Amino acid sequence: MNIIVLPLVSSSSQQHVKSIDSIADKKDGIHKVSHKLMFEIRLHGFLLWASIGFLMPVGILAIRMSNRQECGTRLKILFYVHVVSQILSLLISTAGAVMSVKNFNNSFNNHHQRLGLALYGIIWLQALTGVLRPCRGSKGRSGWFFAHWLLGTAISILGIINIYTGLRAYHEKTSRSIKPWTIVLTAEISLIAFVYLFQDKWLYIQKQGLILGDESVTPKQQDSSSTEKQKESSSEKC
């Protein structure tokens, strides 16, 4: 009896070991896939942030600064910064879109995927309007400018919203904290908005006499100088 039982025990133990090994192999495979998916999600998020969250705002600020330049080298530099940043933004966002279609489950059952699909279409439409830019002084210039501005504004707003929804989707997928990334993104957007709005006030501040290079002239000093000139003119008449 002992001779018969021992082989049975040994065979059952071997089967148990094999089952444990197969389960471990399956777990290792799942772990490897999850790491790969995690890398792809992070890379997708980085590409879309670099495109819509960084390069596109840089191009917007550059073209906004060029509005104060009448001509010259600085105007050309700002214009080419705008063009190059927008082209890079288009290429990087396209790479992120191809990556999402290839590697992710695109069932379009959440706001992030739906908004991203609409955003990709608007980005390419904006690029097309940039290529078809009419010359200054032509009849269609004003209409083109309004359409280009409207599409750019829509991309900026929808892009920011989609980055936040992407962070939310990342949290739901991985259960990891997104608070640090949300704080950094909000600080970056606030800084960009401040610079964007401050550009309108910069010329106004200069006109008020608060900043005039090395010479500082206040409105009171301007009033006093004007009154002195009036006195001098009246004295000359006498």
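Buried, as used here, means under 20% relative accessible area, exposed means over 50%, and partly exposed is in between (1.4 Å probe, protein chains only). Helices (H or I, at least four residues) and strands (E, at least two) are DSSP runs, numbered from the N terminus.

A word on the model before we start. This is a predicted model, so local features need pLDDT of at least 70 and side-chain atom pairs count only at pLDDT 80 or more, while totals for chains, interfaces and linings use all residues. Residues are numbered from 1 along each chain as its sequence is written, and side-chain values use heavy atoms, with hydrogens and water left out.

**Exercise 1. Work out the overall fold.**

Task: How many helices and strands does the protein have, and what share of its residues is buried?

Step 1. Go through the secondary structure: there are six helices and zero strands. In sequence order that reads α-α-α-α-α-α.

Step 2. Turn to burial: of the 238 residues, 25% are buried.

Step 3. Look at contacts (heavy atoms within 4.5 Å). Taking those with a separation of 6 or more, 63% are between residues 24 or more positions apart.

Step 4. Check the surface, using Shrake-Rupley areas with a 1.4 Å probe, where for residues only the protein chains shown count as cover. The protein exposes about 17400 Å², and carbon and sulfur atoms supply 67% of that.

**Exercise 2. Check helix lengths and pick out buried positions.**

Task: What span should α2 have at 1.5 Å a residue, and which of its residues are buried?

Step 1. The expected span is 1.5 Å times one less than the number of residues. For the 31 residues of α2 that gives 45 Å, and the end C-alpha atoms are indeed 45 Å apart.

Step 2. Now list the buried set in α2: L78, H82, S85, S89, L90, S93, G96, A97, M99 and S100.

Step 3. Try the same on α3 (residues 111–131). Its 21 residues reach 30 Å from first C-alpha to last, close to the 30 Å expected. Buried residues here include H112, Q113, Y120 and Q126.

Step 4. Finish with α4: its 34 residues should span 50 Å, and the end C-alpha atoms are 48 Å apart, which agrees.

**Exercise 3. Place M56.**

Task: Is M56 buried or exposed, and what is it in contact with?

Step 1. M56 lies in helix α1.

Step 2. M56 counts as buried because its relative accessibility is 7%.

Step 3. Set aside neighbours within four places in sequence, and M56 is in contact with S51, Q86, S89 and I155.

Step 4. Add one distance: the C-alpha atoms of M56 and S85 are 6.4 Å apart, although 29 residues separate them along the chain.

**Exercise 4. Find the salt bridge and what follows its helix.**

Task: Which side chains meet in a salt bridge, and where do they lie?

Step 1. Apply the rule: a side-chain nitrogen of Lys or Arg within 4 Å of a carboxyl oxygen of Asp or Glu. The count comes to one.

Step 2. The partners are E172 and R168, at 3.6 Å, N to O. Both sit in helix α4 (residues 141–174), four residues apart, about one turn.

Step 3. Why does that spacing suit a pair? An α-helix has 3.6 residues a turn, so residues three or four places apart point the same way.

Step 4. Check accessibility: E172 is exposed at 57%, and R168 is partly exposed at 46%.

Step 5. Move past the helix end. α4 is followed by S175, with a positive phi near 60 degrees. Most residues other than glycine have a negative phi. S175 is in the loop between α4 and α5 (179–207), and at 63% relative accessibility it counts as exposed.

**Exercise 5. Map the nonpolar patch and the annotated spans.**

Task: Which residues make the nonpolar surface patch, and which elements supply them?

Step 1. Patches use residues with over 30% relative accessible area and no salt bridge; like charges are joined within 9 Å, and nonpolar side chains (Val, Leu, Ile, Met, Phe, Trp, Tyr) within 5 Å.

Step 2. F39, L43, F46, W49, F54, V58, I77 and V81 make a patch of about 700 Å². The elements giving two or more residues are α1 (2–66) and α2 (73–103), with six coming from α1, the largest share.

Step 3. Compare with the record. An unreviewed UniProt entry annotates residues 46–65, 77–101, 113–132, 144–166 and 178–198 as "transmembrane region"; such annotations may be inferred rather than shown by experiment, feature names are shortened, and positions follow the numbering used here.

Step 4. Residues 46–65 are 100% helix, with end C-alpha atoms 27 Å apart.
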